[in-house]
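Good morning, and thank you for the time on today's agenda. I should like to go through cavities, aromatic contacts and salt bridges, in that order.

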Amino acid sequence: MNFISHVRDYFSPSEIVDTSPRISDEVKCTTCYMCACRCGIKVHLRDGAIRYIEGNRDHPVNRGVICAKGASGIMQQASPAKLKQPLRRVGERGSGEFREIEWDEALATAVEWLSPIRATDPKKLAFFTGRDQSQSLTGYWAAQFGTPNFAAHGGFCSVNMAAAGMYTLGGSFWEFGEPDWAHTRFLMMFGVAEDHDSNPIKIALSGLRQRGAKFVSVNPVRTGYSAIADEWIGIRPGTDGLFVLSLVHELLKAEKVDVDYLGRYTNAAWLVVQSPDAPDDGLFARDEAGAPLVLEPSGSLASGMTAGVAARLVGDAALPDGRRAVPVFQLVAERYLDPGYAPEAVADTCGIPAATIRRLATEMADAAFEGEIELAVPWTDWAGRRHETMRGRPVSLHAMRGISAHSNGFQTCRALHLLQILLGTIDAPGGWRYKSPHPKPAPPGPKPAGTPQQVAPGKPLPGIPLGYPLSPEDLVIDAEGKPFRIDKAFSWDAPIAAHGMMHMVIQNAWKGDPYPIDTLFMYMANMAWNSAMNTAETVRMLTDKDPVSGDYRIPRIVYSDTYNSEMVAYADLVLPDTTYLERWDCISLLDRPIGSPDGPADSIRQPVLAPDRDVRPFQDVLIEIGARLGLPGFVTPDGEPRYPGGYPDYIVNHERRPGVGPLAGWRGAEGENAGRGAPNPHQLEHYVANGCFWKHELPEAQLYFKHANKAYLETAVTMGLIDKPEAIVLQLYVEPLQRFRLAGQGHGSILPPETHRERIATYFDPLPFWYMPFEEARIDRGTFPLHALTQRPMQMYHSWHSQNAWLRQILGNNRLFVNRALGRSLGLEEEDWVWLSSHHGRIRVPTKLMDGVNSNTVWTWNAIGKRTGAWNLEPGSPEFRKGFLLNHLISELLPPDGGYSHANADPITGQAAWYDLRVRIDRVAQGETEIIAPLLKTVGHPAGLSRRPGILRYFAGRDREEVGQ
Amino acid sequence: MHPAFSIIFFTTASGAGFALLALLGLGAPLALLPASSSFGFTALAVAIVLAAGGLASSAFHLGRPERAWRAFSQWRSSWLSREGVLSVLTFLPTAAFGVGWVLFGTTGGLVGLCGIFAAGLATATIYCTGMIYASLKPIHQWHNSWVVPNYFALGLMSGFLVLDFLVRLWAPHPIGVPLLTFLVVLAAWWSKERYWRFIDTTSARSTAESATLLGTRGKVRLFESPHTEENYLLKEMGFRVARQHRLRLRRIARLAAFVLPALLTFLGLLFGGGFGGITAGLAVVSAALGLVIERWLFFAEAKHTVTLYYGAEAV
Amino acid sequence: MTSLPESRPHQKKLGLVIDLDICVGCHACATACKEWNASGHMGPLPDFNPYGDGAWGVWFNRIHSFEEGEGEGARTIHFPKSCLHCEEPACVTVCPTGASYKRAEDGIVLVNESICIGCKLCSWACPYGAREFDADEGVMKKCTLCIDRIYNENLTPEDRKPACVMVCPVNARHFGDLGDPDSDVSELVARRSGGDLMPELGYKPINKYLPPRSGRMAPSAAAVAASAKAASTGDKLLRWVDRLLSR
C-alpha cells in the first residue's frame, strides 16, 4: 500500500495546506509614526519578532486601514541605518569619524555645554525640532531653559495654512479641520498630494464616490487623489488665490452668499474706520467698552456683540467723531466685485478657462444653496437661542502644501477661508468642520514669549516662544526693532512667523546675524539635506570655520535621530533615538492631536519591542538633561528630578495648566474625568487597554457650529480646550494685519525699518488678495519660464523611508516629470536627461514625459535623492546617482531688490516658498554621463552601523519547517 | 525573454542529438548508413551525448535540480513533462538498438524495429520540445504555427550535418546523406526566414489596452512602474534587444547556420574524401555557432505580454 | 496535479475585484501583502541586495500607474495587479511536477513549494506576471489569496479576508465568491461592468477589474447651462444696500 500511495502521490501530488496557522503570540496596539497621520496600529508578534502590522479597526483616525508606509514598519525596524550608540565626533564635521560613548558621558557632555549657556546668555542655545510631534514637550523645555530660539519645522512646512486659519477661524486646514465627509456634496481640494490626514482622506474619498458627491481636485499634477477626482483642474502653481477670489467674484455677482450666516457668526457687519492717514484707519470702530460697532438700518450705531441686532451690510456710517466707517462686507464686495477678479481676467494667469471658473462657481452655489441640507438636531447658540435644526450648505474645501509653500500662501489660504465663510460652510453640516481641540478664539493667543525683557540668565520664559502676534507690540525684537530670535521670526522680516523659521537658523547662525550662537540642538531635522534650501551651501556653513579662531562658526551641534541621516555626520554629539516601536510617546491635544470633529481624542505609543542597541527615547533624554540642568519645570523645589520615570512619567504627571496634561483621557484619581482632572497614575494602563487611544464623543447637539454653540463652548471649557465659553467670531477681516500695516505706513511707536515699510504696508492686507509669487516676479520669466514643484509620494514620507528595504524598491530614484507637449517642443524623448536651472543653480536630472501636468510645470517626487554615505546604503545606490533634490535650485534669499535680499518666503509668516521655484530646461550634450549633478562628496558615517545583508530573508519566528534545504 | 545559455545549449544540443538519433534509428535499419558497429557506436554515442548533455544542461536552469526527477509526473497536461518522459523513453529502445548494433553487429529484424521505435520517440521528443514554446499563449513569437516546424527543421538540419560528418569517417564519398543534408539546410533556412518575417510583421492581439481594460480615452502609456529597479518579471521576461543589434545577429546566424553549411555541404557532396570530411566538419562547427545565435535570438526577440504592463505598446 | 480540477456544480470561485475608479495608487496593498506573506504560507519573501543598487525582491502584488489619452479627457489610472486565479490557468497545466495546482474546492491557484523544481515555465505561461521566482530557495511563489487568512480560525470572521483587501484605505479591493451570482462581489461586477484582463487569451481570470467610470471629467449639461445664465453685468454692490444681517 505504501508503494502505491507513493506512486499516486507522485503522479497526483496534493498539498495539505494549513489554513489556520498560528499568527502571533501577542498583539500590541500602538500608534504608527511613518507620517503625521498617526493611525492606530496593531503589531502582531511571533516568537519575539514582528509578524505583521495592521490597522486598528476601532481607531478613530484610520478605522482599520493602513498605508504602504505603515505596512512596511517591519523594514523600518530592521533597517541597518539605525544608530546604535551615542557618539562624540573626533574627526572633522562630515568625516563620520566618531567615538562611541556611553550615555553617562553623552548626557554629561550635553549638560556641560548647555549649563554655561543658560547661566550667561540662554539665547545662545538654538533648539529646533523637525519631527515635531513632541512640540508640547520640546517647546516647554525651551521655555524652561529660557531661550527664545525654538521652533519645530512648521515654518518651512505649513505655517501659512495654520496662521491664515487661526487668525480667521480659530482653526485651520491640515489635520486641524476636515470636510464633513458624511454630508458634503461638493468637495474642492487645493494643492493636496498624499499628505497629512492621509488615510482618513482616502477613506472619505471612497465614501464620497459611493454617495455620488462631486470631488474636484485643483492641483498642477494629476496623480493620486487627483487621478480619481471627478474633475481635475491643472492650475498653474501659485495662482490658486486668484482662482478662488474669482469664484468669490462670481458668487458675489450672483448674490450666492449666506447672509444669515455672515450676520450670526462673522464680523461681516463690523464697521471699519475709513480715515486715510489716521493712526486707526482700517481698524474696527469700537464703543467705549471696546466692542466693535455695526450700522443699524436707522443709521445709528450699535454693538456688534449684541444678539439680534439688525445691521447693514453696505452703507456709510458716521462715527461719533464724524469720521466715516463702512461695514467689512462692503469692503469685501467692493474689492472682489472688481472686474479684475472676473473669470476672463484671471483665466490666462491661472491656466483655467474662464468658462470653467464660471461653471465651478455655479456648481458650488448650486450645491450650497439649492442643495442645502438640514439635520433634525436641536441646538442652542451662544446667545441662548434654540434652533430646531442644523442647517448646512454641503460644500467643502481642503487644502495643503500646494497652497502653503508659496510666498503668497497666507493670503491665498485667507482667500480659501473667505470663500468658505461666504458660503456659510464653516462647521456647518456638509461643510468644513473643526477638529478638536479647535475652534480656538480668533484672533488666537497666546503671544510668543522670548522678548528681550523676558530672556535672562537662569530665568525661564513665561510661556512657549511661539505664538500669534496681534500688533507690533507683540513682536520679538530689540529696542532698535531688529530681530531678537536667531531665525528672525516675529521680527519685521516675518511678523506672524507662528511656527518659527527653522530653515533660516543655520544661515543666520553662520553669519552671526543677528548674533552668533553657541549650540545648535536639533531633533530629527535633516537640515544638511532635504530640509534645507540651498543644500550644498547649508552643508558648507555647517563646516565653515572662523579663520581667526579656527573654530566652527556654529561652535557646537547636538543632534538626535534614529537613523544615520545626512545630518548625523555634522553633529558633534549624537544622541541616538529609538524607533517608534520601542518607545512611549503621546499624541497630545496640546500638540498635533488626532482629534476629530466629533470630539477630542488623543493617543499614545507603547513600547512593542525592546531596543537591541544602546539607544534611548529622545524625550527621556531631554527630560533627563532638563533635570540635570535644574530647569524649573523638570525639577522639584528640592532640586530632585520631577519626572524620574522619564517620558511616561511626564506624560502622566505633567500639568500644563491645573488639571490639564498631555493626555486628556482617564484623568482624575479614578480615571473618571475627560479633558481636565488630576493626574491618574494608571492613565497609561487605561490607554493601553483601550488600544492606545482615547476618544470622547460629543453629544449630537454639540457637533456643529462649535464656534457659536453654547453647549459645546461650555464643554470645551470644562475639558480645558479653551478658557472662556465665549463665541468665536469668524474674522472675514483680520484686524491684527491692519495694525501691522499701519506701522508700515508710519503710524505708532514701533515701526519697521525703511527697507521693510512698503512691504509691510502692501502685504499685511486685512482682506485677502492675490499677488504674483516673489521669485516669479523678480526673475526674468522668459529665461525661467517653468514652475518646478515636488510632491510627496504615497509610499514615502520626506526622507524617512529610503532605509526601508521594501519601500526603496518601489521608489529608489526619482525623475523630473515634464508635460509631454512641452517636452516634445523642447525635443525631448521619453526618458532623456536634462539640465534644470534656476536663478540660483543648476542640476542634471533624468526626465519622464507625462500628460497629466500643467503645461508650464515640471515636478518630481519629494526627498528621494540621498547623499552618498548616508542611510547605510551601498555606494552606487540609485538614491545617490539617479535620485535628486530640487533643493539645490532653491535659495533662502530672493534676487536682490534695491540692494536688499529679502527671504524667499511669505512676507507675513516667513513660510519657506519652496513652490515658487522657476526653472528652465536645457538638454544635456551628447555623451554626457547619466548621473545626477551636483554629486556631493560622500559624507562620512559612523563606523558602528550594522552590516548590510546581501539577501534579506525576513521571517518572524522559527517554527516554519525548512523546505528541503 | 531572457536568453539563458543553459536553455540555449539544451535546445540546440538535444535538438541535434534527438534528430541524429532519429536518423540513425531510421537510416540504419533501412541500410542507408554504414553498417559497421564502430560507426554505430560512434554515431549513437555522439547522439546520446548531445541529447543527454542537452537535457543535463537544462537541469542547470532549474531552481532545484535535485528534484528534477519529479518532472516526469505531469505528462497528462504538461509539454515539459511529456518531453521529459519521452526523452527518457527514447533511451530505452535506443539502448536496445545500440546493443544490437554495436555488440551484435546487426541493424535488422528486432534490432531494427527498436531503432525505428527510437526514431519515432526521438521525433516525438523534439515535437514536445517545440510545443513547450509553441503552447505559451503570452508569447506571440512562440505561439504560432512556425515554431514547431522550425524546431523540426533546425533539429533535423543539425542532425543531418553531424551525420554527414560522421558518415564520411566511414564512407568517404557519400551521396544520399549530403544531398539530403543540403536540401534540409535549405528547407530549414527557408523556414527560419519565414519565421523571422512572421515575427517582424505581426504582433499579438493583446495590447496595453486589453491588458488594462483601459483605452476608451486614448492610448495607454505607462506612467510609473511598480518599482524603480528591476524585478523578476523584467529580468526574466522583459529582455530587450536593440533593432540594429538583432538584425546584425540575424545576419551572422544566417551566414553561420545556413549559408556556410549549405555551401560546405555542397562542396563536400561534390568532392568527398578528406576534403569532404573537412568541409563537413566545418559545416557542423559553423552551424553550431549559427544555431546558438539563432536560438539566442529566438529568446531575445520573444516578447511577453507582461511587458504590456511595463511600457510596451505591443508584443 | 496539474490537470485542472473538474468543474463542480455551484463551483466556488474565490477571487478579488479591483476598482480602478477609486484606486489612488498608495501601494498599501502591495506592502501589506509583502509583510503578511513574508512570515506566512510562502514566506520568507526574500529581497536581494536590499540596501544597494538594483535591489529587487519577491512581491505578489504590484501597483502600476498608467495614463490614458492625451489632453482634454485624459486621465491617470493607478493599477494594482496580482494573481487572477484564472479558471483555465496555463500556469497550472504547464507545470511538469504538479507543484502548481488549482484547488477544486475554491479555485485558488497555489504552488506546492516542496515539489517545485523552479523551472519557471509557469511564469512564462502566465500573461499577467503573477508568478515569482524565489532565487534564494529556487522555487516559484505567488499570491495565495491569503489561504492562511481566509479560513483561519485564529481570526475573527470579519478578518478572514486577504491582507490586501483588509488594508485598502479607499475600499478599492473586494473579496468573495465570483462563482456565486448572488454574492456581493458578483453583484458589484455586474453593476459596474467588471471585466477580464486580456480576455482574448482565454485564461478566464476570476479576478475582475472595474473600469473607471466614464463621464467623470465632464460637467453636467444642467450646470453648464446654468453658468451661462449667470453671466451678467451691472453694479452689483447696489444690490446689497438693503440687505440686513442679524447677529
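Which strands of chain B and chain C each supply at least two residues of the lining of the second largest cavity? They are β1 (220–224) of chain B and β4 (62–68) of chain C. Strands and helices here are DSSP runs, strands being E with at least two residues and helices H or I with at least four, numbered from the N terminus.

Before going further, a word on conventions. This is a predicted model, in which local features need pLDDT of at least 70 and side-chain atom pairs count only at pLDDT 80 or more, while totals for chains, interfaces and linings use all residues. Residues are numbered from 1 along each chain as its sequence is written, chains are lettered from A and ligands numbered from 1 in the order in which they are written, and side-chain values use heavy atoms, with hydrogens and water left out.

Let me complete the account of the cavities. A cavity is a set of points, on a 1 Å grid over the protein atoms alone, where a 1.4 Å probe fits but cannot get out; its lining residues have an atom within 4 Å of a point. Grid points are joined across faces, edges and corners, and the volume is the space filled by probe spheres set on the points. By that criterion, the whole structure holds 19 cavities of 30 Å³ or more.

The largest cavity encloses about 580 Å³. It is lined by 41 residues, of which A:F156, A:N530, A:S531, A:H798 and A:N862 are the closest to its centre. In chain A, the strands β25 (556–561), β30 (786–791) and β34 (857–861) each contribute at least two lining residues. The lining comprises 19 nonpolar, 15 polar and seven charged residues, where Ala, Val, Leu, Ile, Met, Phe, Trp, Tyr, Cys and Pro count as nonpolar, Asp, Glu, Lys and Arg as charged, and the others, Gly among them, as polar.

The second largest cavity has a volume of about 210 Å³. Of its 25 lining residues, those closest to the centre are A:Q795, A:W861, B:E224, C:G25 and C:H78. Its lining divides into twelve nonpolar, ten polar and three charged residues.

I turn to the aromatic contacts. Over all chains there are 68 aromatic pairs, a pair being two rings of Phe, Tyr or Trp (its six-membered ring) with centres within 6.5 Å; planes under 30 degrees apart count as stacked, over 60 as edge-to-face and the rest as tilted.

Why is the pair of B:Y133 and B:F298 edge-to-face? The ring planes stand at 80°, with the centres 5.7 Å apart, so the pair falls into that class. B:Y133 belongs to helix α4 (residues 109–134) and B:F298 to helix α10 (residues 273–300) of chain B, 165 residues apart. Both B:Y133 and B:F298 are buried, that is, under 20% relative accessible area, with exposed meaning over 50% and partly exposed in between (1.4 Å probe, protein chains only).

In chain C, the rings of C:F79 and C:Y209 are stacked, because their planes are at 10° and their centres 5.0 Å apart. This pair joins strand β5 (residues 75–81) to strand β11 (residues 208–210), across 130 residues, and both C:F79 and C:Y209 are buried.

Chain A offers an aromatic cluster formed by A:F127, A:W141, A:F145, A:F150, A:F521, A:Y523 and A:F618. There are also charges over rings, defined by NZ of Lys or CZ of Arg within 6 Å of the ring centre and within 35 degrees of the ring normal. A:R842 sits over A:W835 at 3.7 Å from the ring centre, and A:R93 lies over A:Y552 at 4.1 Å.

Finally, the salt bridges, of which there are 92 over all chains; the criterion is a side-chain nitrogen of Lys or Arg within 4 Å of a carboxyl oxygen of Asp or Glu. A:E735 and A:R286 form one, with the closest N and O atoms 2.7 Å apart. A:E735 lies in helix α21 (residues 735–744) and A:R286 in the loop between β12 (271–274) and β13 (293–295) of chain A, 449 residues apart. A:E735 is buried at 6% relative accessible area, whereas A:R286 is partly exposed at 37%.

Between chains, A:R953 forms a salt bridge with C:D136, the closest N and O atoms being 2.4 Å apart.

Definitions and conventions: 1 Å grid on protein atoms, 1.4 Å probe; cavity = no way out; pocket = protein on both sides within 12 Å on 5 of 7 lines; lining within 4 Å.
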